[in-house]
Amino acid sequence: MSRTRVLTGITTSGTPHLGNYVGAIRPAIAASRDPGVESYYFLADYHALIKVTDPARVQRSTLEIAATWLACGLDPASVWFYRQSDIPEIPELTWFLSCVAGKGILNRAHAYKASVDKNRAEALDDDAAITAGLFMYPVLMAADILLFNAHKVPVGRDQVQHIEMARDFGQRFNHLYGEHFTLPEAAIEEHVATLPGLDGRKMSKSYDNTIPLFAPREQLKKLIAGIVTDSRAPGEPKDADNSNVFQLYQAFASAEETAVMRKAFADGIGWGDAKQKLFERIDGEVAPLREQYEALMAKPAEIEAILRDGAARLRARHATPLLARLREAVGLRDLSSVVASGSAKKEKATLPVFKQYREADGRFYFKFVDGEQVLVQSVGFASPKDAGQLIARLKREGGAALRHLETDALHLGDELIGHLHDAAELADVVEALAQLTEEA
């Protein structure tokens, strides 16, 4: 039975902290042991170059992140574990996809738009200090995913847009050159654990409030002792659910241990005693991992060998054969086997199609697409029936229906149908709809 391919990109910047471990590393490694899943884990060092320009930091961070995942139990013999920059097929595929990716789609990427908005707020040129790397980031991410025909990509909600873009680029390529790519789905991580940092805010390098995952034992104890608490004295009942100390403890303890600690809070445990118990519980889990980590960091050549071996096997099995097929598909071929341009029968053009889907807001939408180009984008409907009725009307009446629709029902590009001034663009939609009515 075929297994589901799940691909996870690992950011190679910064030192891993307890929040990374609880929210990403620990659950991902547990998921990698599912026999029904073929897991791909890659160190996204190309992506790191978008933000990090210190070569030593790029190298050191890649080493630390690789050692962390291996120390925490990732088994390179049972998963694909590799470094992005060891797969030359990724940048080659990035170029292929760049040649079919719509610039309009990239203009709407969250990271790019956020940078433009920041520049505007500071009265700067829209693209001040914005690199092509930042702008093209979604195409590189699409290549990471499509190269291995991943079925699912675990992401937070803020990354769903990138998966949609990968689908769009893959669909456009398939439309032009034949079915080569599986269109991936976002596996939204709804219940990712987030830990409070030393100051009570979310643990994040941005807030400088983290507890390094492999901090030495005495440093770990000192950091935990510095966690912000309220002023309740020993003997006074304490609110476990609003306590940073309790939330951290709960992330590492069993249900039984958590219940005992909750009672201790209700009974008025002192903050010093609570922090000592937290330290003992975290150190009990992390200490053996820390030992493995330190042993791996002392032998960087072994980590290098693991990553290179993973990439070599993965290239031989998947990447190189697929790129050979893609090069053939786009026409980068052996010139000794030239086919006369008129000798092959022209395939029947694929008709534009309607695609219905449900978004995270619970509402139902549809798109009218011609390959990768979105001709019409609906707004959200309360039920799939409402969306379906409008699709049926468009199929039945064709372009004539556009002139009678309410202005808030559809969008064409970035404009409301009722506000369109681009007659050529409207004509494209009308023509596409006419093809459907003729086919019917």
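Okay, let's start with a cysteine: is Cys 72 buried or exposed? Cys 72 counts as buried, at 12% relative accessibility. Cys 99 goes the other way, counting as exposed with a relative accessibility of 53%. And for anyone wondering about disulfides, the structure holds zero of them.

Before I go on, a word about what we're looking at. This is a predicted model. The mean pLDDT of the protein is 87, and 86% of its residues reach 70 or more. There are stretches to watch, though. Over residues 342–348 the pLDDT drops below 50, and that stretch has one contact in the model once you set aside near neighbours in sequence. Residues 412–424 are also below 50, but here the model shows 20 contacts beyond near neighbours in sequence.

Right, on to the strands. Take S3, residues 80–83. In a regular strand, side chains alternate between the two faces of the sheet. What covers S3, then: one face or both? Both faces are covered, with Trp 80 and Tyr 82 on one side, Phe 81 and Arg 83 on the other, and all of these buried. S3 runs parallel to S2, and four bridges join the two strands. If you want a spot to look at on screen, find Leu 43, which stands opposite Arg 83 in S3.

Now stay with Arg 83, as it takes us to the charges. Arg 83 is linked with Asp 86, Glu 304 and Arg 308 in a network of salt bridges. Across the whole structure, the search finds 22 salt bridges. I'll walk you through a few of them.

First up, Glu 38 and Arg 5. Their closest N and O atoms are 3.2 Å apart. Glu 38 is in strand S2, residues 37–44, while Arg 5 is in strand S1, residues 4–11, so this pair ties together parts that sit 33 residues apart in sequence. Are these two partners out in the open? Well, Glu 38 is buried, with a relative accessible area of 12%. Arg 5 counts as buried too, at 18% relative accessibility.Next, Asp 283 and Arg 290. Their side chains meet in a salt bridge at 2.9 Å, N to O. Both Asp 283 and Arg 290 are buried.

Then there's a pair inside one helix. Arg 313 and Asp 309 meet through their side chains in a salt bridge, 3.0 Å from N to O. How far apart are Arg 313 and Asp 309 in helix H13? They are four residues apart in H13, which covers residues 300–330, so about one helical turn separates them. As for accessibility, Arg 313 is partly exposed, with a relative accessible area of 35%. Asp 309 is also partly exposed, at 40%.

Okay, the greasy part. Which residues touch the most other members of the largest nonpolar core? That core has 55 residues, and the ones touching the most other members are Leu 18, Trp 69, Phe 81, Phe 252 and Phe 265. You'll remember Phe 81 as one of the buried residues of S3. Plenty of elements chip in: H1, S2, H3, H9, H10, H11, H12 and H13 each supply at least two residues. H12 gives the most, with ten residues.

Let me zoom in on Phe 265. Leaving out residues up to four places away in sequence, Phe 265 touches a list of residues including Pro 237, Val 245, Phe 246, Trp 271 and Ala 274. Charged residues are on that list as well, among them Glu 236, Lys 238 and Asp 239. Apart from this largest core lies another core, of 46 residues, among them Leu 97, Val 116, Phe 169 and Leu 323.

Last, two small residues to find on the screen. Ala 31 is in helix H1, residues 18–31, and counts as partly exposed at 42% relative accessibility. Ala 31 is 25 residues from Val 6 in sequence, and their C-alpha atoms are 9.7 Å apart in space.

The other is Gly 200. Where is Gly 200 placed? Gly 200 is in the loop between strand S5, residues 185–188, and H9. At 32% relative accessibility, Gly 200 counts as partly exposed. Gly 200 and Thr 229 are 29 residues apart in sequence, with 8.5 Å between their C-alpha atoms.

That's my tour, thanks everyone.

Note on methods: Residues numbered from 1 in each chain as written. Predicted model: local features only at pLDDT ≥ 70, side-chain atom pairs only at ≥ 80, totals over all residues. Heavy atoms only, no water. Salt bridge = Lys/Arg side-chain N within 4 Å of Asp/Glu carboxyl O. Buried < 20%, exposed > 50% of the residue type's maximum accessible area, 1.4 Å probe, protein only. pLDDT = per-residue confidence, 0-100. Contact = heavy atoms within 4.5 Å. Pairing = 2+ DSSP bridges. Disulfide = S-S within 2.5 Å. Core = buried A, V, L, I, M, F, W, Y, C linked by side-chain atoms within 4.5 Å.
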